[in-house]
Amino acid sequence: MFGLEALDLARIQFAFTISFHILFPAITIGLASYLAVLEGLWLKTHNDTYRDLYHFWSKIFAVNFGMGVVSGLVMAYQFGTNWSRFSDFAGSVTGPLLTYEVLTAFFLEAGFLGVMLFGWNRVGRKLHFFATVMVAIGTLISTFWILASNSWMQTPQGYEIVNGQVIPVDWIAVIFNPSFPYRLMHMATAAFVATAFFVGSSAAWHLLRGRDNPAIRTMLSMAMWMALIVAPIQAVIGDFHGLNTLKHQPAKIAAIEGHWENVGNEPTPLILFGWPDMKAEKTKFAVEIPYLGSLILTHSLDKQIPALKEFAPEDRPNSTIVFWSFRIMVGLGFLMIFTGLWSLWLRKRDRLYSNRAFLYLALWMGPSGLLAILAGWFTTEIGRQPWVVYGLMRTADASSMHSFLQMSITLALFVVVYFSLFGVGLGYMMRLVRKGPKINEGAEPSHGGPGQQRTPARPLSAADEGNENGDASLNKGN
């Protein structure tokens with residue numbers, strides 16, 4: 001069907017499940033650190049706005065965290081079901097790395113998550129803050145191990161091949177392989193940027209509907225400061241990551257650039273737009289800027305980058321896909337930088353919270369960080385093809401021996417179940433976002449918090465808490 005084989009369906013299935021999964025950890029990473037900052041600011045300033053925002057975003061964090069765990073488990077099982085030959089070949093490397101992630105990050109998160117979500121009125125302030133920080137650190141440790149495993153597949157180091165299997169001989173080299181530092185920083189920063197625009201979009205939504213209060217303004221202000229500072233940093237990290245990729249995966253760079261052949265000693269132009277044709281071996285309708293490709297990728301005006309025709313046809317990534325996925329990522333990145341700069345301009349003129357054109361931009365930029373992560377992930381993973389472990393094992397040799405019918409049925413089931421299950425979860429999370437933070441306007445001042453009774457912080461409830469027992473009685477304690 002459509003010229004697809006069982007291997008193609010296995011790849012589509014993994015791409016489908018990981019595309020769902022990667023969105024949840026990205027928001028989890030960013031929100032965990034955001035919550036730690038909010039609670040820290042509340043402890044330092046005693047400003048109830050930060051506490052109210054903490055309660056609001058902790059609910060969204062709880063839902064997001066749960067969906068991330070479920071989707072991650074399903075994805076992990078596919079290594080054994082659909083990619084058993086890869087597991088047999090490289091499991092001695094990837095298996096321990098994923099185990100380290102469970103033993104360090106997951107156990108750390110699980111150990112303190114309950115205190116963070118349900119201990120607000122049961123433990124002291126410092127202990128609760130410590131639990132929040134530990135959860136935030138756990139998400140970053142998880143990122144460390146997951147990226148170490150995936151980066152090793154991109155730039156394998158520290159191994160020997162014995163009897164057709166990879167044997168690790170230097171774990172430091174395995175973990176800190178050449179692409180790992182750049183990919184770790186790139187992914188962690190992307191998570192913070194994605195979360196900033198998610199938070200900023202939520203604030204813009206409420207402001208556009210006339211809900212203007214200190215909590216909403218704080219959400220937008222903090223989100224735009226993060227965008228202003230971190231989005232340009234991400235661009236710099238991306239540049240270093242590109243130089244590293246050029247050194248270790250030149251075919252990927254050639255595919256990203258849609259660059260088919262070098263002409264004499266001429267520097268490489270930058271193709272802004274075009275349509276790479278894999279059969280014709282040329283980029284049609286190319287719009288080029290002379291010299292700029294060499295300047296960006298080699299930081300010189302005369303050096304060339306490798307061209308796709310320098311690689312055998314069977315060793316070339318699909319340039320059509322990665323050419324455009326990369327440009328989507330970069331285009332969204334420039335929009336993020338522009339949004340951050342515009343927010344600074346408006347902030348200086350005291351119009352950040354009232355300029356409707358900007359608020360609409362911030363609203364529509366809400367999913368931009370997540371879309372950029374997906375586009376970047378497609379670029380990275382499809383650009384690695386035809387290798388599952390770069391230079392060592394081809395994707396065609398990594399899959400299990402399933403039939404086309406088996407893969408068709410399981411793929412269809414995944415699509416139905418994922419859209420049903422996670423559609424409900426995402427809908428519930430958006431309901432929480434639309435509800436907004438609960439502000440106790442007119443209530444008596446309260447110094448309540450961890451260790452003291454106040455409005456219960458129920459992380460999994462989207463009900464109107466103020467209508468259940470009365471705001472005043474809750475503020476005074478029961």
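This is a dialogue on how terms are applied to a predicted model.

Trainee: What are the ground rules for this model?

Mentor: The model is predicted: local features need pLDDT of at least 70, side-chain atom pairs count only at pLDDT 80 or more, and totals for chains, interfaces and linings use all residues. Residues are numbered from 1 along each chain as its sequence is written, and side-chain values use heavy atoms, with hydrogens and water left out.

Trainee: What makes two rings an aromatic pair?

Mentor: Rings of Phe, Tyr and Trp (its six-membered ring) pair if their centres lie within 6.5 Å. Planes under 30 degrees apart are stacked, over 60 edge-to-face, and the rest tilted. By this rule there are 29 aromatic pairs.

Trainee: Why is the pair F112 and F130 called edge-to-face?

Mentor: The centres are 5.5 Å apart and the planes meet at 80°. The limits are within 6.5 Å for a pair and over 60 degrees for edge-to-face, so both conditions hold.

Trainee: Which parts does the F112 and F130 pair tie together?

Mentor: F112 lies in helix α3 (residues 84-118) and F130 in helix α4 (residues 125-154), so the pair links parts 18 residues apart in sequence. Helices here are DSSP runs (H or I, at least four residues), strands are E runs of at least two, and numbering starts from the N terminus.

Trainee: How do you know whether F112 and F130 are buried or exposed?

Mentor: Buried means under 20% relative accessible area, exposed over 50%, and partly exposed in between (1.4 Å probe, protein chains only). F112 has 22%, so F112 is partly exposed. F130 has 40%, so F130 is partly exposed too.

Trainee: What makes F414 and Y418 edge-to-face?

Mentor: Their centres are 5.7 Å apart, with 70° between the planes. That angle is over 60, so the pair is edge-to-face. Both residues lie in helix α13 (residues 404-435), four residues apart, about one turn of the helix.

Trainee: Why are F414 and Y418 called buried?

Mentor: F414 has a relative accessible area of 18%, so F414 falls under the 20% limit. Y418 has 3%, so Y418 is buried as well. Both belong to one aromatic cluster with F16, F20, F24, F419 and F422.

Trainee: How do you know that R327 sits over the ring of F323?

Mentor: The rule takes NZ of Lys or CZ of Arg within 6 Å of the ring centre and within 35 degrees of the ring normal. R327 lies over the face of F323, at 3.5 Å from the ring centre. The charged end of R394 sits likewise over the ring of W387, 4.4 Å from its centre.

Trainee: What makes a region a pocket, and what volume does the second largest one have?

Mentor: The grid is 1 Å over the protein atoms alone. A pocket is an open set of points with protein on both sides within 12 Å along at least five of seven lines; in a cavity, a 1.4 Å probe fits but cannot get out. The volume is about 1300 Å³. Volume is the space filled by probe spheres set on the points, which are joined across faces, edges and corners.

Trainee: Which residues line the second largest pocket?

Mentor: Lining residues have an atom within 4 Å of a point. There are 48, and the closest to the centre are H186, G238, F326, M329 and V330. The lining divides into 26 nonpolar, 17 polar and five charged residues. Ala, Val, Leu, Ile, Met, Phe, Trp, Tyr, Cys and Pro count as nonpolar, Asp, Glu, Lys and Arg as charged, and the others, Gly among them, as polar.

Trainee: Why is F358 called buried, and what is F358 in contact with?

Mentor: F358 has 0% relative accessibility, so F358 is buried. The residue is found in helix α11 (residues 356-364). Contact means heavy atoms within 4.5 Å. Leaving aside neighbours within four places in sequence, F358 is in contact with M224, T339, W342, S343, L346 and L352.

Trainee: What backbone features stand out?

Mentor: Most residues other than glycine have a negative phi, and most peptide bonds are trans. The bond from Q385 to P386 is cis, with omega near 10°. E281 has a positive phi of about 55° although it is not a glycine. Y291 also has a positive phi, about 70°, and is not a glycine.

Trainee: Where do E281 and Y291 sit?

Mentor: E281 is in the loop between β3 and β4 (282-289). Y291 is in the loop between β4 and α9. At 27%, E281 is partly exposed. At 46%, Y291 is partly exposed.
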